[in-house]
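Student: I'd like a close look at one loop, please. After that, just carry on to whatever else there is to see.

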Amino acid sequence: MHNKSIIIGTGPAGLTAAIYLARANLNPLVIEGPEPGGQLTTTTEIENYPGFPEGIQGPELMDKLKIQAERFGAEFYTGWVNKVDLSKRPFILDIEGKGKMTTETLIISTGASAKYLGIPNEQENIGRGVSACATCDGFFFKNRELIVVGGGDTAMEEAQFLTKFASKVTIVHRRDELRASKIMQDRARSNPKIEWALNRSPLEVMADEHGVTGLNVYNSSTGEQEWMSAHGIFVAIGHRPNTTFLENQLLLDDHGYIVTKPGSTETSIPGVFASGDVQDSIYRQAITAAGSGAMAAMDSEKFIESLQRVHV
Ligand code: NDP
């Protein structure tokens with residue numbers, strides 16, 4: 001099946017791109033992957049998305065964006081994109097169960113996934129005290145004791161942010177040396193609400209019927225297990241952009257994020273655009289992803305117009 005435009009991903013970036021392209025009568029086909037709605041569907045209430053003064057549940061916001069895109073004619077297909085061939089236009093997508101599809105333009109909005117620890121009780125308690133997003137969930141822990149796991153810049157930043165709400169934030173890191181940049185370390189070290197538990201590797205999340213109660217850790221200095229009490233555990237061990245299916249076909253940075261031209265969503269391949277967290281390791285907000293989705297749709301529309309001018 002040949003298309004003018006395909007969007008991969010249905011987080012805020014992909015769905016906003018779909019709304020814009022559908023309203024421009026470009027009938028986008030939107031491919032919905034294994035995590036429909038993206039990372040927002042794993043959070044509870046979103047209080048910082050403009051236009052919802054009372055807040056809105058993550059899954060509800062994503063449903064609304066999808067309905068809005070469908071209203072203007074966007075079509076959705078659920079499938080896993082195994083492989084893409086971006087070496088020439090039309091681009092070829094190999095979609096599991098559906099075979100090959102071709103498209104004149106492609107918007108990649110496959111997002112990034114937070115890395116989790118993979119320890120017992122962790123996945124079961126996401127939304128019950130385990131989180132990978134301080135900006136999303138920090139507000140729910142006013143005057144509570146929290147743990148942040150990780151020793152990189154993200155952990156420092158998340159811990160710093162969480163001290164606005166929490167009574168105490170303990171950074172749990174598996175080594176005695178931090179990976180974070182000096183400036184971020186210094187900021188965290190000078191914050192009186194931040195405590196340190198170095199040489200501690202998380203073993204198991206502890207929880208009762210009300211949610212998280214603490215973390216079991218292995219102390220590599222003493223060789224002993226320890227129990228650390230906490231109401232919330234923020235895992236900040238990095239994000240992984242969902243770009244493995246691209247198989248080095250376009251320019252990625254050292255961390256695997258798609259490189260876009262500054263001030264645009266253009267990638268290294270004309271006709272391929274990227275929006276949302278897959279090309280943004282800094283802001284990573286629903287609203288910034290949605291904004292870049294709109295940009296990708298407009299860039300894509302302009303590209304299609306330029307092709308039509310060539311054919312006239
Ligand atoms: P990093 O890869 O830099 O750090 C991840 C941290 O998590 C490391 O300390 C690592 O430990 C720890 N870790 C990884 N896996 C595990 C595990 N299974 N169990 C326990 N601990 C684990 O990721 P970040 O997200 O912090 O940063 C990614 C990039 O983004 C960096 O380049 C960073 O500089 C940048 N960034 C910049 C910011 C800014 O400038 N404002 C803010 C946030 C990120 P170990 O050290 O032992 O490997």
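Tutor: Start with the loop that runs between α1 (12–23) and β2 (29–32), because that's where you'll find Asn-25. Keep in mind that you're looking at a predicted model. The thing to check at Asn-25 is the backbone: phi is positive there, about 60°, even though the residue isn't a glycine. Most residues other than glycine have a negative phi, and most peptide bonds are trans. That second habit gets broken too, at the bond joining Arg-89 and Pro-90, which is cis with omega at about -5°. Pro-90 also belongs to a loop, the one linking β6 (81–85) to β7 (91–95).

While we're on chain geometry, look at the cysteines. The count of disulfides comes to one, and the pair is Cys-133 and Cys-136, with the sulfurs 2.0 Å apart. Turn the view to look along that S-S bond and you'll see a right-handed link, with 75° about the bond.

Now for the ligand. The pocket it sits in ranks as the second largest. Around the ligand there are 15 residues, and the closest are Asp-153, Thr-154, Arg-174, Arg-175 and Arg-179. Sorted by character, that shell has seven polar residues, five charged and three nonpolar. If you want one element to follow, pick helix α4 (residues 153–162): with three residues, α4 gives the most to the shell.

Next, zoom in on the polar atoms. Asp-153 puts a polar side-chain atom 2.6 Å from a ligand oxygen. In the side chain of Glu-157, an N or O atom is 3.0 Å from a nitrogen atom of the ligand. Then there's His-255, where a polar side-chain atom lies 3.5 Å from a ligand oxygen. As for how covered the ligand is, taken alone it exposes 910 Å², and the protein buries 69% of that.

Notes:
Residues are numbered from 1 along each chain as its sequence is written. This is a predicted model: local features need pLDDT of at least 70, side-chain atom pairs count only at pLDDT 80 or more; totals for chains, interfaces and linings use all residues. Side-chain values use heavy atoms; hydrogens and water are left out. A residue is near a molecule or strand if one of its heavy atoms lies within 4 Å of it. A polar contact is a pair of N or O atoms within 3.5 Å; within protein, one must be able to donate a hydrogen and the other to accept it, and residues adjacent in sequence count only if both atoms are side-chain atoms. Accessible areas come from the Shrake-Rupley method with a 1.4 Å probe; for residues, only the protein chains shown count as cover. On a 1 Å grid over the protein atoms alone, a cavity is a set of points where a 1.4 Å probe fits but cannot get out, and a pocket is an open set with protein on both sides within 12 Å along at least five of seven lines; lining residues have an atom within 4 Å of a point. A molecule sits in a cavity or pocket if more than half of its atoms lie within 2 Å of its grid points. Helices (H or I, at least four residues) and strands (E, at least two) are DSSP runs, numbered from the N terminus. Ala, Val, Leu, Ile, Met, Phe, Trp, Tyr, Cys and Pro count as nonpolar, Asp, Glu, Lys and Arg as charged, and the others, Gly among them, as polar. A disulfide is a pair of cysteine sulfur atoms within 2.5 Å.
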